[in-house]
Amino acid sequence: MASVSHLALPRIWPRRRANVLAHPAEPGQKGEMNTPFRNHPLRLRRSLLSVPASNARALEKSATLACDGIIFDLEDSVAPESKAAAREALKQHFAGLDRASPVERIIRINSPSGSDGPADLEAVLACGPNAVLLPKVCEPQDVLAVADWLADQGVDDSPRLWAMIETPAAMLNLAAIAEAGRTSGGRLDCLVVGLNDLRLATGIADVPGRPFLVPLLMQVVVAARASGLDVIDSVHNGFADIGAFGAECEQGRQMGFDGKMLIHPAQIEPANRSYGIQDGAADEARAIVSAFARPENAGKGAVNLDGRMVERLHLDQAERLLAKVELIAKKENRT
Ligand code: COA
Ligand code: MG
C-alpha cells in the first residue's frame, strides 16, 4: 500500500479536467438531456446511519440493521484521543464484512489537510469502502484534491467521493462544488447536508419545520440535480421523538432529497418508509409504462392517461421508480 504519511493536499487549483458527465449517457439513452438526471446507477440511499468508529457496540450492531448505507464516522463523533483506535477498529470491522451485502459503506474522514487526514486516508485504502465522505467541504478543490490523490494511488473508480455541505462557504460555492460530479475523474456522487455545523456557523435557529433553513436546503437539492448527484438531508438530533423525525423525513422527501443521514437505529424504519415507495406510486408507474407500450402510442411524446397528460419524461421517472421498487424488494428478500 502506498504511504500517505507525507500526504500533502496542496491548496492549489487541481489538474485541468474535461467538464463532462462522469458516466455520460449514450445518444438515445436515458440521461441524455441538457440537465443530467443522475450520472450514476440508481442506489438505495433512503437511510444512511452514522456510526462512530470508536463505538465497538455500535459497529457490531450496524451489521444487523436495515439501513441502506452506513457512514462509519472518524470525524466529529470521535474524540481526538480516540481517533487512532477508531481507525484500527474500522480496519478490523471491514476485514470481517460481507462484501456481497447491498448495504453501502461510506467512511467519513477528518479534514484531509488536518493532522488526522493522512492516517484516515490510509485507513480508507486499507478498508476499501464504497465512498469517502469529506467533511466541511468549502470549495471544489477540497473534492478534486482527494480525487487526484486517490488516482495517484492507483485506486480505480471506487471509492467514490461524497461531500458534506455544512459551511457557509460551501453554500456560496455550491454549483462549483457539485460540478466536480460532472468532471471526468471527479468521483463526486452525493452531497450530504450537515445542519449542526451550518447552524453553528450561521446562527440560524433550530426550530421545528426548519423555516429559515428550507431556502438553503432547496439550493443544495438544485445544485446536486444540476450536476446529476444524489442529495441527502441532514441528521435530526432528537432521536427519541420519532413523530418529529418522521415529519422531517416527509419534508425532506417533498423537497427532493433522496434520503436522510441518521444517528440512531430507531430512525431507520421511518426513513425507509418516507423515502421508499409511496402508496399507489408503483401502480401509477406501471400504468404510465403500459400506456407508452400500447401500439397506438408508439412514437408519441405525450399521451392521454385517464384524462391526464403524461409525457416521455414521466416514463423515465416511472421506470426509475420501478427500478427502485425492484432494489427494495431485492434488499428485503436478502435480509
Ligand atoms: N449506530 C449503531 N448502533 C447504535 C447507534 C448508531 N449510531 N446509536 C445507538 N446504537 C445502539 C446502541 O449501541 C444500543 O444498542 P444495544 O441496546 O443493542 O446494545 C441501541 O442502539 C440503543 O441505543 P440508545 O441507548 O438508545 O442510545 P445511546 O445512548 O447508546 O446513544 C447516541 C445515543 C446519540 C450517543 C448514539 O446514538 C450515537 O452515537 N449516534 C451517532 C452519532 C454520530 O454519528 N454523530 C455524527 C454524525 S452527526
Ligand atoms: Mg459536521
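Start by selecting aspartate 233 and lysine 260: these two are bridge partners, with lysine 260 sitting in strand S8. Keep in mind as you click around that this is a predicted model.

Now widen the selection to the strands themselves. S7 covers residues 230-233, and it pairs with S8 in the parallel sense over 2 bridges. Add helix H9, residues 242-255, and you have a right-handed β-α-β unit made of S7, H9 and S8. Turn the view until you can follow the path through that helix.

Stay with S8, residues 259-262, and bring in S1. What is the sense of the pairing between S1 and S8? This pairing is parallel too, over 3 bridges. To find a spot on it, pick leucine 49, which stands opposite leucine 262 in S8.

**The ligand**

S1 leads you to the next stop. Select ligand 1 and show what surrounds it: there are 15 residues, and the closest are Ser50, Ala58, Lys61, Ser77 and Ile263. Colour strand S1 (47-52) and helix H1 (56-62), since each supplies at least two residues of this shell. How do the shell residues divide by type? You'll find 7 nonpolar, 4 polar and 4 charged.

**Along helix H4**

Next, select residues 140-152, which form helix H4. Try the distance tool on the C-alpha atoms at its two ends: they are 18 Å apart, and 13 residues at 1.5 Å a residue should span 18 Å, so the two agree. Which residues of H4 are buried? They are Pro140, Gln141, Asp142, Val143, Leu144, Ala145, Val146, Ala147 and Leu150. To see part of what covers them, show strands S4 (131-134), S5 (160-165) and S6 (188-193), along with helix H6 (174-178).

Walk on past the end of the helix. H4 is followed by glycine 154, which has a positive phi near 75°. Keep going through the loop between H4 and S5, and you come to proline 159. Zoom in on the peptide bond joining serine 158 to this proline: it is cis, with omega about 10°.

**Two arginines with positive phi**

Jump to arginine 187, in the loop between H6 and S6. Its phi is near 65°, a positive value in a residue other than glycine. Is arginine 187 buried or exposed? It counts as buried because it has 25 C-beta neighbours inside 10 Å.

Then select arginine 210, in the loop between helix H7 (195-202) and helix H8 (214-226). Here phi is positive as well, near 50°. Arginine 210 has 22 other C-beta atoms within 10 Å, so it is buried.

**Asparagine 297**

For another loop, go to the stretch between helix H11 (281-293) and strand S9 (302-305), where asparagine 297 is found. With 16 other C-beta atoms within 10 Å, asparagine 297 is partly exposed. Leaving aside residues up to four places away in sequence, asparagine 297 touches Ala291, Phe292 and Val303.

**Zoom out**

Finally, show the whole protein chain as a cartoon. How many helices and strands does it have? The chain has 12 helices and 10 strands. Of its 335 residues, 40% are buried. If you look at contacts with a separation of 6 or more, 73% of them are between residues 24 or more positions apart.

Terms used
Residues are numbered from 1 along each chain as its sequence is written. Chains are lettered from A and ligands numbered from 1 in the order in which they are written. This is a predicted model: local features need pLDDT of at least 70, side-chain atom pairs count only at pLDDT 80 or more; totals for chains, interfaces and linings use all residues. A residue is near a molecule or strand if its C-beta atom, placed from the backbone, lies within 6 Å of it. Helices (H or I, at least four residues) and strands (E, at least two) are DSSP runs, numbered from the N terminus. Ala, Val, Leu, Ile, Met, Phe, Trp, Tyr, Cys and Pro count as nonpolar, Asp, Glu, Lys and Arg as charged, and the others, Gly among them, as polar. The expected span of a helix is 1.5 Å times one less than its number of residues. A residue is buried if 20 or more other C-beta atoms lie within 10 Å of its own, exposed if 12 or fewer, and partly exposed in between; C-beta atoms are placed from the backbone. Two residues are in contact if their C-beta atoms, placed from the backbone, lie within 7 Å. Two strands pair if DSSP finds at least two bridges between them. A crossover is right-handed if, with the strands pointing away from the viewer, the path from the first strand over the helix to the second runs clockwise.
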